[in-house]
Amino acid sequence: MPKIINETSGLEFYNNNFITHNDSGGEPSLYVFNEEGEIVETIGLNKNPDFEIENNDWEDITNDNEYLFVADTGNNFGNRDNLNIIRVSIGANFMVDGIIKISYSDQESFFPRPKHKYDAEALIVINEQLVLFSKDRENLNTDLYLVDKFEKKPQKLTSEFAFNVNSLITGGDYNNDLNLLALVSYNSKGSQYL
């Protein structure tokens, strides 16, 4: 992979190529690359003056064929109060047309700590909902949160389900035709799971 995407985090199939982004601190850009790993297009997300986009901690990307959604939901120490999902219109030349602000309804402290459940690295679309999966360093569970794709007001997320996965969820995808959810994870020993 080219050095410009040395910390690729999310991945999505797009227009017979792949689209990705860096994890944190880089340019607020999406990178389209082919099967040989060559970048064929760079899409800057600061084209719309109504939205100032930053790459705080981008973790995943998903799409519903009309929009791309970029999860700026990485929260390694549980101290972020600016979590959001960036909505990018595919048909409008990849113009950002919304920032979905989110927070966790049960988070009372934003004091930095290494083990907590307020980090999320997997984002998928199922029908009309965005689904976010947490990366719980404290209990090795994952909580499933539903996010409204078009709500303009900040959303306080409540866990809909908790799954004892005994690992740290870092990505996911959903196949509508097969009604199949796939999640990827790892544990502290470096073992990886699907």
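Select D64 and K149 to begin: in this predicted model, their side chains meet in a salt bridge, with N and O 2.8 Å apart. The two residues come from distant parts of the chain, since D64 sits in the loop between β5 (60-63) and β6 (67-72), while K149 sits in the loop between β11 (141-148) and β12 (155-157), 85 residues away. If you display the surface here, note that K149 has a relative accessible area of 2%, which is under 20%, so this lysine counts as buried. Now add E128 to the selection, because salt bridges that share partners join D64, E128 and K149 into one network.

Keep D64 in view and select the strand just before its loop, β5. Its residues alternate in direction: D60 and T62 point one way from the strand, I61 and N63 point the other way, and all of them are buried. Extending the selection to β6 brings in its partner, for β5 and β6 pair in the antiparallel sense over 4 bridges. Within this pairing, look across from T62 and you will find F69 of β6 standing opposite. The two strands make a hairpin with 3 residues between them, and in that hairpin N65 takes a positive phi near 75°.

Stay with β6 and show the rings of Y67 and F69. How far apart are the centres of these two rings, and at what angle do their planes stand? The centres are 6.1 Å apart and the planes stand at 45°, so the pair is described as tilted. Both residues are buried, Y67 with a relative accessibility of 11% and F69 with a relative accessible area of 0%. Before leaving Y67, select R87 as well, which lies over the face of the tyrosine ring, at 5.7 Å from the ring centre.

The structure as a whole holds 8 aromatic pairs. For another place with aromatic rings, select F13, F18 and F33, which form one aromatic cluster.

The next stop returns to charged side chains, of which a search of the whole structure finds 7 salt bridges. Select K117 and D106, whose closest N and O atoms are 3.0 Å apart in a salt bridge. Both residues lie in the loop between β8 (95-104) and β9 (120-126), so this pair ties together parts that are 11 residues apart in sequence. Are these partners buried or partly exposed? K117 is partly exposed, with a relative accessible area of 21%, and D106 also counts as partly exposed, at 36% relative accessibility.

From that loop, move along to strand β9 and select E121 together with K135. Their side chains meet in a salt bridge with an N to O distance of 2.9 Å. E121 belongs to strand β9, whereas K135 lies in the loop between β10 (129-134) and β11, 14 residues apart, and the pair thus links distant parts of the chain. Here both partners count as buried, E121 at 7% relative accessibility and K135 at 5%.

Now turn to the end of the strand numbering and select β14, β15 and β16. These 3 strands form an open sheet in the order β14-β15-β16, with antiparallel pairing. Its edge strands are β14 (168-175) and β16 (192-193), each of which pairs on one side only. Restrict the selection to β15 (residues 180-186) and β16, and you have two strands that pair in the antiparallel sense over 2 bridges. Within that selection, Y186 stands opposite Q192 of β16.

Finally, clear the selections and show the whole chain. Which kinds of secondary structure element does it hold, and how many of each? The chain has 0 helices and 16 strands. Its radius of gyration is 16 Å, close to the 16 Å that the globule rule gives for 194 residues, so the chain is as compact as a globular protein of that length. Measured out along the principal axes in the viewer, the C-alpha trace spans about 40 × 35 × 35 Å. Colouring by accessibility would set apart the buried residues, which make up 46% of the 194 residues in the chain. As a last view, consider the contacts between residues at least 6 apart in sequence: 42% of them join residues at least 24 apart.

Conventions: Residues numbered from 1 in each chain as written. Predicted model: local features only at pLDDT ≥ 70, side-chain atom pairs only at ≥ 80, totals over all residues. Heavy atoms only, no water. Salt bridge = Lys/Arg side-chain N within 4 Å of Asp/Glu carboxyl O. Buried < 20%, exposed > 50% of the residue type's maximum accessible area, 1.4 Å probe, protein only. Pairing = 2+ DSSP bridges. Phe/Tyr/Trp six-rings, centres within 6.5 Å; stacked < 30°, edge-to-face > 60°. Lys NZ or Arg CZ within 6 Å of the ring centre and 35° of its normal. Rg over C-alpha atoms; globule rule 2.2 N^0.38 Å. Contact = heavy atoms within 4.5 Å.
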